[in-house]
Each structure stands twice: as structure tokens, then as C-alpha cells.
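Biologist: I'd like to learn how to read a ligand site. Could you take me through one?

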Amino acid sequence: MFASGQGSNFEALAAAASRDELGGRIVALLCDQPGAPVLERARRHGIEALTPPTGAFKSRLGDEAPWLSALRERQVDVVLLAGFMRRLHATLLAPFAGRMLNIHPSLLPAFPGLDAIGQAWRHGARVTGCTVHLVEDALDNGPIVAQAAVELRDGDTLGSLETRIHEAEHALYPVSVRRFLTERWRVDGRRLVFGEGEGLILPETEAAHG
Ligand code: GRF
């Protein structure tokens with residue numbers, strides 16, 4: 001998993017994994033912020049926590065190669081982004097095409113990018129929510145695995161809306177990962193269709209490792 005901050009989604013996924021409800025095992029947490037609370041959460045769950053070098057940029061990794069090597073060394077099959085605050089590029093995206101998921105706190109394609117909950121709030125949206133999607137080389141794009149809607153209530157504040165969206169995320173992400181790992185699915189244009197196709201396809205060399 002890749003995360004940068006609080007790690008409440010990491011926590012939800014790690015808890016689901018420890019109940020055997022994720023459909024897979026979390027091999028490692030890779031984090032770009034050495035002081036991030038998510039690192040401590042990983043250690044508490046007994047999950048290896050790594051902080052590979054980030055380079056000088058804030059919004060991307062200077063060199064993605066050490067991050068890719070960390071994944072390859074551990075024979076990671078699928079990458080889950082959960083509040084990872086840097087854009088990824090071809091070095092990481094190409095080898096994990098069709099095998100990398102992200103969660104975004106809006107109903108995409110509405111409100112992509114930073115501060116999606118604030119964007120929805122300031123826009124006066126009546127319904128917003130969260131989206132789990134396959135990661136492609138475009139911001140908050142890629143076929144949608146699942147979405148959950150969250151209605152704005154009279155009397156809501158930005159804070160109360162944030163709380164409900166995070167609750168929706170913590171319910172949606174583990175269930176979506178389980179379906180993605182264990183069910184059949186295929187991508188048809190922009191649409192991810194469950195119940196058809198092969199489901200997750202691992203490259204032969206990595207599949208050989210199980
Ligand atoms: C979540 O709202 C997620 O959708 C977004 O970043 C936030 C991360 O929160 N991509 P946390 O670190 O999982 O608590």
C-alpha cells in the first residue's frame with residue numbers, strides 16, 4: 001500500500017485483512033512522509049513500513065525506481081493507494097497497469113484533485129461520496145470499481161461531511177478490494193464489469209511466485 005498521512009483507510013484495510021476479509025495480505029506500507037501517523041499504524045499491525053527516497057519534488061517522486069524495486073523485491077501483486085499525495089508516472093504505473101487502485105473522496109468525475117470534500121462543500125453539492133478506481137496516467141481517472149454516495153444534510157458542516165465521507169470510504173474500500181481480488185471482472189472501455197472476464201491478471205513471472 002502507498003499512503004502519505006493519517007492512514008485511516010490503511011487502518012480499515014489492515015483491519016479487514018486481519019479478519020481475513022480483504023481477499024489478500026498487505027505485504028508492506030510505502031510512505032513518502034517519514035513522520036506520517038500511517039507508519040505507526042503499520043507497525044502496530046505488524047506490517048513492514050518503508051520510506052523509500054522521494055527526491056526534491058513535492059508532488060511527484062524524483063525517482064520511482066527504488067519504489068518499484070521495493071515492490072518487486074516483495075513480489076507485490078497489487079498496489080493500493082490510500083491518501084498517497086504524489087502523482088505517479090510510467091515507471092510505476094506501467095508495471096502495475098490493471099493492478100493499482102485508488103480511493104478518492106468524491107463521486108468521480110466530479111471534484112477530482114486536491115481537497116475534493118471542500119470542493120463539493122463549496123460548490124453546494126447535495127450529494128457527494130467516494131470512489132474506488134483503477135489508476136491510470138491521468139488525475140483521478142481510470143475505470144470505476146465502486147462508489148458510495150453521501151448526502152449533505154441540513155446543518156452539516158465541512159467537518160461533519162468529512163466525517164461521513166471517511167466512514168463511507170472505510171466501508172467501501174475493503175469491500176471493493178475484496179471483489180477486485182477475488183471475483184471475475186473485465187474492463188470494457190471506461191467500464192469495469194464484474195461477473196465476466198478473468199479478473200485480476202498477474203504477469204507470468206510474478207504469478208509463478210504465488
Ligand atoms: C482519503 O480521504 C482518501 O480518499 C484521499 O486521501 C484521504 C486519506 O485519508 N485520497 P487517510 O490517510 O486514509 O486517513
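Modeller: We'll go through the ligand site, then one strand residue; keep in mind that this is a predicted model.

Biologist: Which residues surround the ligand?

Modeller: Start with the shell, the residues with a heavy atom within 4 Å of the molecule. Here the shell is made of Gln6, Gly7, Ser8, Asn9, Gly83, Ile103, His104, Pro105, His166 and Glu169. Sorted by class, that's seven polar, two nonpolar and one charged.

Biologist: And which polar atoms should I look at?

Modeller: Look for N or O pairs within 3.5 Å. Serine 8 puts a polar side-chain atom 2.5 Å from a ligand oxygen. Glutamine 6 has a backbone N or O atom 3.5 Å from an oxygen atom of the ligand. With isoleucine 103 it's again a backbone N or O atom, this one 3.1 Å from a ligand nitrogen.

Biologist: How much of the ligand's accessible area does the protein cover?

Modeller: On its own the ligand has 370 Å² of accessible area, and the protein covers 84% of that. The ligand takes up the space of the largest pocket.

Biologist: Which elements give two or more residues to the shell?

Modeller: Those are α1 (8-18), β5 (100-104) and α6 (158-182).

Biologist: Take methionine 100 in strand β5. Is methionine 100 buried or exposed?

Modeller: The cut-off for buried is under 20% relative accessible area. Methionine 100 counts as buried because its relative accessibility is 1%.

Biologist: How far apart are methionine 100 and asparagine 141 in sequence and in space?

Modeller: They're 41 residues apart in sequence, and their C-alpha atoms are 12 Å apart in space.

Methods. Residues numbered from 1 in each chain as written. Predicted model: local features only at pLDDT ≥ 70, side-chain atom pairs only at ≥ 80, totals over all residues. Heavy atoms only, no water. Polar contact = N/O pair within 3.5 Å; in protein donor to acceptor, adjacent residues only side chain to side chain. Areas by Shrake-Rupley, 256 points an atom, 1.4 Å probe, with all protein chains shown as cover. 1 Å grid on protein atoms, 1.4 Å probe; cavity = no way out; pocket = protein on both sides within 12 Å on 5 of 7 lines; lining within 4 Å. Sits in = over half its atoms within 2 Å of the grid points. Helix = DSSP H or I, 4+ residues; strand = E, 2+ residues; numbered from the N terminus. Nonpolar A, V, L, I, M, F, W, Y, C, P; charged D, E, K, R; others polar. Buried < 20%, exposed > 50% of the residue type's maximum accessible area, 1.4 Å probe, protein only.
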